[in-house]
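Welcome to a short set of exercises with worked solutions. Keep the viewer open and try each task before you read on.

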Amino acid sequence: MADHAVLVAGAGPTGLMLAGELALAGADVAVIERRADQRLIGARAGGLHSRTIEVLDQRGIADRFLAHGQLAQVTGFSQIHLDISDFPTRHPYGLALWQNHIEHILAGWVGELRVPIYRGCEVTGVAQDRTGVDVRLADGRSLRAQYLVGCDGGHSVIRKTAGIDFPGWDPTTSYLIAEVEMASGKGEKPEWGIRHDALGVHALSNSDGGGPVRVMVTEQHLQRTGEPTLRDLREALVAVYRTDYGIRRAAWISRFTDMARQAAAYRSGRVLLAGDAAHVHHPVGGQGLNTGVQGSWVMW
């Protein structure tokens, strides 16, 4: 007998939104998440597009996001900014809001819909038969559902165990993104905003006027593996700005690339894929993640 009709693997924006939609449709759905809570370490998406806000508005929860974000006209194509203020929509704007806030709001909504979230549950294996799917967890337990949806990101365990290929293009460029402290009195005035040059796209942002600085910088040479360090970030900044601006501490540093991949199929029997588990594309100029909530972006 199945524990649930549908298990959603991953409590990111895609998984939470899907769980909410299924709950509204009357399905017995639950979410399994390897994190112990909803906290995020490092950068993720930084906002919502107009169409996303429209979808959230259809569910009666757009105001929850609007109350915590900042309206912004940042829609663009190929680094060209586009004005959508006259578009025929109730929301002709984007919303600057970091993913940790987006996830907390969605998790609160899903909680109101009484969708259980099994936290601290890392999936280690999947086996399906004609009537359902068994999901093995790292602590030795297992859950059974009629269907399983993998919303567990670009390195999806669900996709891999389902045997779904993930063809695409290998990365050609890598970027560092970080939140850092800069030494006061260093002498160099930071070049705030977005910068384009022969190497790529870079950005420095300090919205608080004195707090942590957010940095995005294109690396001179492609780096595929390894955890980025403060030294890596300093070297990348010097290569672009000819100074590291005296950065002395990083709250977090992460690396992403322009890799693009697409799942060969979105379904294998009773196992389905959504979000980054199905397709990954990090466009140049920002860490754009397909969240399943109709798109997101990092705003500088």
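**Exercise 1. A salt bridge across the chain**

Is Asp129 buried, partly exposed or exposed? Then find its charged partner and place both residues in the chain.

Solution. First, the ground rules: this is a predicted model, in which local features need pLDDT of at least 70 and side-chain atom pairs count only at pLDDT 80 or more, while totals for chains, interfaces and linings use all residues. Residues are numbered from 1 along each chain as its sequence is written, and side-chain values use heavy atoms, with hydrogens and water left out.

Step 1. Buried means under 20% relative accessible area, exposed means over 50%, and partly exposed lies in between (1.4 Å probe, protein chains only). Asp129 has a relative accessible area of 37%, so it is partly exposed.

Step 2. Side chains of opposite charge can pair when their charged atoms come close. The rule here asks for a side-chain nitrogen of Lys or Arg within 4 Å of a carboxyl oxygen of Asp or Glu. Asp129 meets Arg144 in such a salt bridge, at 2.9 Å from N to O.

Step 3. The pair links distant parts of the chain, 15 residues apart: Asp129 is in the loop between β9 (123-128) and β10 (133-137), and Arg144 is in strand β11 (residues 142-150). Helices (H or I, at least four residues) and strands (E, at least two) are DSSP runs, numbered from the N terminus.

Step 4. Arg144 has a relative accessible area of 14%, so this partner is buried.

**Exercise 2. Two further pairs and a network**

Which residue forms a salt bridge with Asp170? Continue with Arg234, and finish with a network.

Solution. Step 1. The partner of Asp170 is Arg261, with the closest N and O atoms 2.4 Å apart. This pair links distant parts of the chain, 91 residues apart: Arg261 sits in strand β18 (residues 260-262), and Asp170 in the loop between β12 (168-169) and β13 (174-182). Asp170 is partly exposed, at 44% relative accessibility.

Step 2. Arg234 and Asp244 form a salt bridge through their side chains, at 3.9 Å from N to O. Arg234 lies in helix α6 and Asp244 in the loop between α6 and β17, so the pair ties together parts that are 10 residues apart in sequence. Arg234 is partly exposed at 29% relative accessibility, whereas Asp244 is buried at 18%.

Step 3. Glu33, Arg35 and Glu103 are joined into one network by salt bridges that share partners. By the same rule, the count comes to 20 salt bridges.

**Exercise 3. Helix α1**

Why does the distance between the end C-alpha atoms of helix α1 agree with the expected span? Then work out what covers its buried residues.

Solution. Step 1. The expected span of a helix is 1.5 Å times one less than its number of residues. Helix α1 (residues 13-24) has 12 residues, so it should span 16 Å, and its end C-alpha atoms are indeed 16 Å apart.

Step 2. The buried residues in α1 are Pro13, Thr14, Gly15, Leu16, Met17, Ala19 and Gly20. Their cover includes β1 (4-9), β2 (29-33), α2 (50-58), α4 (99-112) and β8 (117-119).

Step 3. After α1 comes Gly26, with a positive phi near 90°.

**Exercise 4. Positive phi in arginines**

Where does Arg114 lie? Compare its entry with that of Arg242.

Solution. Step 1. Arg114 lies in the loop between α4 and β8. Its phi is near 60°, a positive value in a residue other than glycine. With a relative accessible area of 77%, Arg114 is exposed.

Step 2. Arg242 is in the loop between α6 (230-241) and β17 (247-257). Phi of Arg242 is also positive, near 65°. Its relative accessible area is 78%, so Arg242 is exposed.

**Exercise 5. Cysteines and the whole chain**

How many disulfides does the structure hold? Close with the totals.

Solution. Step 1. Taking a disulfide as a pair of cysteine sulfur atoms within 2.5 Å, the structure holds 0. Cys121 is buried at 4% relative accessibility, and Cys151 is buried at 9%.

Step 2. The chain has 6 helices and 21 strands. Of its 300 residues, 47% are buried.

Technical notes:
Contact = heavy atoms within 4.5 Å.
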